[in-house]
Amino acid sequence: MLTSHLGHIEMCRALAETEYRTRINVVVLTENANKFNKMLAELNPDSQLNLIHISEFTPDLGIRLAQYVENGELIAIAADRTPADSYGRVNYHEFMGALAPFPQGPFIIAALLRCPVFSLFCMQQQHGRYHLYLEKISDDLGANRKQRQQRIEQASQQYAEQLQYLAIRYPLQWFNFYDFWCPDTQDTVTKG
């Protein structure tokens, strides 16, 4: 599941925990994941949420994520933030009139796991109601190694278009608190 900093993803977590009892493994870039998992376990021993800190993709992490997928668990990764040390592992897409970087990492992980990829957005409506936007992006990004990079770029483009559409429709629900467009790259990078 590709998520973002748009909308109310915690409502999706609540639905998965209460309605479907599906374990959600959230890949995060913060080193506080272990502390947060411990706090969650103390507050709710039945919590189905597991935060996984990632600073680099290791074989051990790949094996763990593959096991989660095999067990029918979900893996959620925000695909709208690039880590500071992404070393060029980004795709640049037109986003609200300017080029913006989107991380390749979530798409590379999905390709390695050979699992379906969905985007998931939860937007608040009037009267406290919520609308889920769930869209399949790919059945298997890694199905054909020769075309993998092209498929990753296409999936990233599709995700960027979905994010743009919903961010324009729900601008007050986009929790973006940093320079998303990286103006220093505008003159040197071509659209991916």
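**Reading a pocket and an aromatic cluster**

The structure holds zero disulfides.

Student: Before we start, what kind of model is this?

Tutor: A predicted one, so keep that in mind throughout.

Student: Fine. How many disulfides does the structure hold?

Tutor: Zero. Look at the cysteines anyway. Cys115 has a relative accessible area of 12%, and the cut-off for buried is under 20%, so Cys115 is buried. Cys122 is at 2% relative accessibility, so the label is buried there too.

Student: Now pockets. What's the general idea?

Tutor: Rolling a probe the size of a water molecule over the atoms shows where empty space is left. Here, take the second largest pocket: about 260 Å³ of space lies in it.

Student: Which residues are the closest to its centre?

Tutor: Met1, Val69, Ile75, Cys115 and Pro116, out of 16 residues that line the second largest pocket. So we meet Cys115 again, the buried cysteine from a moment ago.

Student: Which element gives the most to that lining?

Tutor: Helix α4, with four residues. At least two lining residues each come from β4 (74-78), α4 (105-113) and β7 (117-124).

Student: And how do the lining residues divide into nonpolar, polar and charged?

Tutor: There are 14 nonpolar residues, one polar and one charged.

Student: On to the rings. How many aromatic pairs are there?

Tutor: The count comes to six. Start with Phe95 and Phe102: their ring centres are 5.8 Å apart and their planes meet at 65°. Planes over 60 degrees apart count as edge-to-face, so that's the label for Phe95 and Phe102.

Student: Are those two rings buried or exposed?

Tutor: Buried: Phe95 has 0% relative accessibility, and Phe102 is at 0% as well.

Student: Which aromatic pair does Phe102 form with Tyr159, in terms of geometry?

Tutor: An edge-to-face one, at 6.3 Å centre to centre with 80° between the planes. This pair links distant parts of the chain, since Phe102 sits in strand β6 (residues 98-103) and Tyr159 in helix α5 (residues 148-169), 57 residues apart. Tyr159 is buried, too, with a relative accessible area of 0%.

Student: Which residues do the ring pairs link into a cluster?

Tutor: Phe95, Phe102, Phe107, Phe121, Tyr159 and Trp174. When you go back to the structure, try starting from Phe102, which pairs edge-to-face with Phe95 and also with Tyr159.

Notes: Residues are numbered from 1 along each chain as its sequence is written. This is a predicted model: local features need pLDDT of at least 70, side-chain atom pairs count only at pLDDT 80 or more; totals for chains, interfaces and linings use all residues. Side-chain values use heavy atoms; hydrogens and water are left out. On a 1 Å grid over the protein atoms alone, a cavity is a set of points where a 1.4 Å probe fits but cannot get out, and a pocket is an open set with protein on both sides within 12 Å along at least five of seven lines; lining residues have an atom within 4 Å of a point. Grid points are joined across faces, edges and corners, and a volume is the space filled by probe spheres set on the points. Ala, Val, Leu, Ile, Met, Phe, Trp, Tyr, Cys and Pro count as nonpolar, Asp, Glu, Lys and Arg as charged, and the others, Gly among them, as polar. A disulfide is a pair of cysteine sulfur atoms within 2.5 Å. Buried means under 20% relative accessible area, exposed over 50%, partly exposed in between (1.4 Å probe, protein chains only). Rings of Phe, Tyr and Trp (its six-membered ring) pair if their centres lie within 6.5 Å; planes under 30 degrees apart count as stacked, over 60 as edge-to-face and the rest as tilted.
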